[in-house]
Structures are given as structure tokens and as C-alpha cells.
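Let's take a walk through this model, from its helices to its cores and its ligand site. Keep the structure open and follow along.

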Amino acid sequence: MKEKTLSIIKPDGVARHVIGEVIRRIEEAGLNIVAMKMIKMAPAEAKGFYKVHEGKPFLESLIDFMSSGPCVVMVLEGDNAIKKYRKLMGATDYTKAEEGTIRRAFATDIEKNVVHGSDSESSADFEINYFFSELEIVAG
Ligand code: CMP
């Protein structure tokens, strides 16, 4: 089933110059990039994006981190894009991520885990619309 998912290369990934490597892995996996931009979020914007994590002990630090520098946000499209990209990223906690995944290769802690990907169709809808207008997404 053809799906869209939101991908973020987080400030740690951008600072450590792995944008190209993350994109290479996305393309190698057969996912198409149908929208892409670099942004620097204000804390309120990061808070709005992560509203599902309201009340979590890590939220405040996560907001600080996500607004600390530029991120690359992308919409990926392909068969089973949501699952496929989550498999490519590996587990949130990089110490539990499978060998060969982006987080296993580049993450340095549970927060600074290089990438984000939507976890379901409903979050993909919310997350894509949070950053992109319909006009910014090319028809796949
Ligand atoms: P992400 O997939 O973007 O979703 C929520 C983010 O919160 C997660 O990646 C991490 O960057 C961060 N985070 C920090 N601590 C935790 C934790 N204990 N559990 C889940 N996410 C965490």
C-alpha cells in the first residue's frame, strides 16, 4: 500500500553532517522524497509537533533539543513507507536498535537519536500537515 510518512533529520544529525548519509539510505530503501526543507523550530513549534508527548518527563529537554538548531524535514512516499522508514531508523533507544539501522550507526543517546519518523497513518497525517502545505508536496 502506497503511504506517506514524515521524516526529520534532527539537529544532532545535521550538526554531525549525516544528512547525505540518511538521504542515501532512504533512497536505497526505495522510498521517494516528495517534499523536503530545512527549518529551525522555535520552542513553541517543537512543542506543538510533540504534543502527543505532553506530560512525559523527557518533553522539556526534547523541545530544547529540537529547537537548538536546524532540522531537515521530508515527506517520504512508497509502499509501506511508515513501517519501512521505522525499520530503517531502528529503535528509539539506539542501544536497542538493530545493526545496520540509522540510529544504531549515528545516535548518541535516547534523545539525540538523529532521526524521527511517523509511527502510524494518523500521526503521519498530522505531522506532514504540520510542516507542509499541499502545494509543497509533489505528486508521486
Ligand atoms: P522521536 O521518535 O522523535 O519521538 C520522541 C522523542 O523523544 C524520541 O524520538 C527521542 O528523541 C526523545 N526521547 C527522549 N527520551 C525518551 C524516552 N525515554 N522515550 C521515548 N523518547 C524519548
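A residue counts as buried when its relative accessible area is under 20%, and as exposed when that value is over 50%. Keep in mind that this is a predicted model.

With that cut-off in hand, start at H5, a helix that spans residues 81-89. Its buried residues are Ala 81, Ile 82, Tyr 85, Leu 88 and Met 89. They sit on the same side of H5, because they cover an arc of only 130° around the axis. The general rule behind such patterns is that an α-helix has 3.6 residues a turn, so residues three or four places apart point the same way. Turn to the face of H5 that looks away from the buried side, and you'll find Lys 83 and Lys 87, both exposed. The cover over the buried residues of H5 includes E1, H2, E3, H6, E4 and H7. Right after the helix comes Gly 90, with a positive phi of about 90°.

H2 is worth a look next. In this helix, residues 19-28, the buried ones are Val 22, Ile 23, Arg 25 and Ile 26. Why do they line one face of the helix? Seen down the axis of H2, they fall within an arc of 160°, so one face holds them. On the other side of H2, Gly 20, Glu 27 and Glu 28 are exposed. Among the elements covering the buried residues of H2 are E1, E2, E3 and H5. Gly 30 follows H2 and has a positive phi, near 85°.

One name in that buried set may catch your eye: Arg 25, which lies in H2. Its relative accessible area is 17%, so it counts as buried. Leaving aside neighbours within four places in sequence, Arg 25 is in contact with Leu 88, Gly 100, Thr 101, Ile 102, Ala 105 and Phe 106.

Now for the nonpolar cores. The largest one has 23 residues, and those with the most contacts inside it are Leu 6, Ile 8, Met 66, Val 75, Phe 131 and Phe 132. Elements giving two or more residues to this core include strands E1, E2 and E3. H4 gives the most, with 5 residues. A second, separate core of 19 residues includes Ile 9, Ile 23, Leu 88 and Ile 102. Back in the largest core, Leu 6 touches, among others further off in sequence, Phe 49, Tyr 85, His 116 and Phe 131.

Next, Ser 67, in the loop between H4 and E3. Is Ser 67 buried or exposed? It is buried, at 11% relative accessibility. Its side chain reaches the backbone oxygen of Ile 63 at 2.7 Å. Beyond its neighbours within four places in sequence, Ser 67 is in contact with Lys 40, Met 41, Ala 42 and Pro 43.

Finally, the ligand. The residues around it include Lys 10, Tyr 50, His 53, Phe 58, Arg 103, Glu 111 and His 116. Here are some distances to ligand oxygen atoms.

| Protein side | Distance to a ligand oxygen atom |
|---|---|
| Lys 10, polar side-chain atom | 2.7 Å |
| Arg 103, side-chain N or O atom | 3.2 Å |
| Glu 111, polar backbone atom | 2.8 Å |

Of the 450 Å² of accessible area that the ligand has on its own, the protein covers 79%.

How values were computed
Residues numbered from 1 in each chain as written. Predicted model: local features only at pLDDT ≥ 70, side-chain atom pairs only at ≥ 80, totals over all residues. Heavy atoms only, no water. Core = buried A, V, L, I, M, F, W, Y, C linked by side-chain atoms within 4.5 Å. Buried < 20%, exposed > 50% of the residue type's maximum accessible area, 1.4 Å probe, protein only. Helix = DSSP H or I, 4+ residues; strand = E, 2+ residues; numbered from the N terminus. Contact = heavy atoms within 4.5 Å. Near = heavy atom within 4 Å. Polar contact = N/O pair within 3.5 Å; in protein donor to acceptor, adjacent residues only side chain to side chain. Areas by Shrake-Rupley, 256 points an atom, 1.4 Å probe, with all protein chains shown as cover. Arc of directions from axis to C-beta.
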